[in-house]
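Colleague: I've got a protein model open and I'm new to this. Could you walk me through how to read it?

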Amino acid sequence: MSFPIVRHRRLRQSAGMRNLVRETVLNVNDLIMPIFVTYGQGVKNEISSMPGIYHFSLDMLKAEVDEIVSLGIPAVLLFGIPETKDSVGTSAFVEDGIVQEATRLIKSWYPDLLVVADTCLCEFTDHGHCGMVHTFEVDGKVHGDVMNDESLELLTKTAVSQAKAGADIIAPSNMMDGFVQAIRAGLDEAGFEHVPIMSYSVKYASAFYGPFREAADSAPQFGDRKTYQMDPANAREALREAETDVLEGADMLMVKPALAYMDVIRTLKDQFDLPLVAYNVSGEYSMVKAAALQGWISEKAIVEEMLTGMKRAGADIIITYFAKDVARWMQER
């Protein structure tokens with residue numbers, strides 16, 4: 001009787017053995033939990049396309065933050081829905097903006113909880129684009145061009161106002177050319193040399209953002225974002241985008257979305273030494289939630305496998321709407 005030369009199953013024969021030789025481990029310190037803050041009072045409204053995720057008014061925010069801290073999650077990512085919008089997104093950079101006020105509150109409650117401020121204009125502009133636009137009509141339809149260089153000044157003002165409010169990390173998601181350099185210069189000039197930039201370096205024009213459009217009330221009123229977000233078919237372009245951000249002073253790089261872009265995560269991990277962030281986006285979240293609610297899949301098993309896959313691909317940090325669920329499952333082990 002012949003025998004296999006190597007028996008790989010020896011290292012799989014028990015849970016203890018599998019735990020001992022496990023190569024990739026998902027940890028609560030890897031997670032960032034997004035929060036949507038809005039105006040008004042007494043608001044805790046579930047987002048219909050994202051079960052378990054809510055809009056919070058500032059007076060309802062503390063219970064959510066208390067839970068996040070109790071679960072050991074080290075950071076939150078803030079998105080704001082303002083009361084008023086205009087063509088230049090003024091509410092994004094005013095001192096009493098919704099993100100700025102939420103940041104001050106969170107840092108007063110929990111100084112050690114890291115606040116990551118999403119730095120973009122799309123939630124704050126009446127046209128829904130991530131920068132200033134020049135609009136014009138063709139055959140009775142509104143068209144527009146996003147004005148790159150003019151937008152940088154507004155994005156820099158937004159970043160500085162967020163840092164003044166106490167944000168620990170600035171996370172610009174606008175995909176304008178030169179945004180990292182402009183924001184880095186603005187932060188340094190304002191005395192915030194110590195505040196790092198988590199750049200949305202590789203952000204694709206993805207269909208996986210669908211539920212977020214409802215959550216952030218940020219759908220473009222005309223056109224789309226394909227002139228500034230990346231073509232999902234392109235991988236080599238991701239290297240050029242990331243390299244530019246590294247040269248401009250980014251402290252962390254991000255790939256968004258994550259699930260369909262594992263190859264891009266691995267490519268950036270192999271090429272750059274900066275911490276790498278994967279954004280497990282709204283569509284990825286909602287698909288799993290919808291299937292789990294139908295009883296078609298085991299939510300816990302799928303989520304843990306999915307996020308572990310992102311870490312295995314090279315992510316050091318994962319932004320995910322599942323953060324509280326995952327942290328809770330870890331505590332139950």
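Modeller: Sure. The secondary structure of this protein comes to 11 helices and 12 strands. Those are DSSP runs, numbered from the N terminus: helices are H or I with at least four residues, strands are E with at least two. The model is predicted, so local features need pLDDT of at least 70 and side-chain atom pairs 80 or more, while totals for chains, interfaces and linings use all residues. Residues are numbered from 1 along each chain as its sequence is written, and side-chain values use heavy atoms, without hydrogens and water.

Colleague: Why is the protein called as compact as a globular protein of its length?

Modeller: The radius of gyration, taken over C-alpha atoms, is compared with a globule rule: 2.2 Å times the number of residues to the power 0.38. Here it is 21 Å, close to the 20 Å that the rule gives for 333 residues, so the protein is as compact as a globular protein of that length.

Colleague: What share of the residues is buried?

Modeller: Buried means under 20% relative accessible area (1.4 Å probe, protein chains only). In this protein, 50% of the 333 residues are buried.

Colleague: How many residues of helix 11 are buried, and which ones?

Modeller: Helix 11, residues 323-332, is mostly covered, with seven of its 10 residues buried. Among them are Lys324, Asp325 and Trp329.

Colleague: What do they pack against?

Modeller: Contact means heavy atoms within 4.5 Å. The partners of helix 11's buried residues include strand 1 (31-38), helix 2 (61-70) and strand 12 (317-320).
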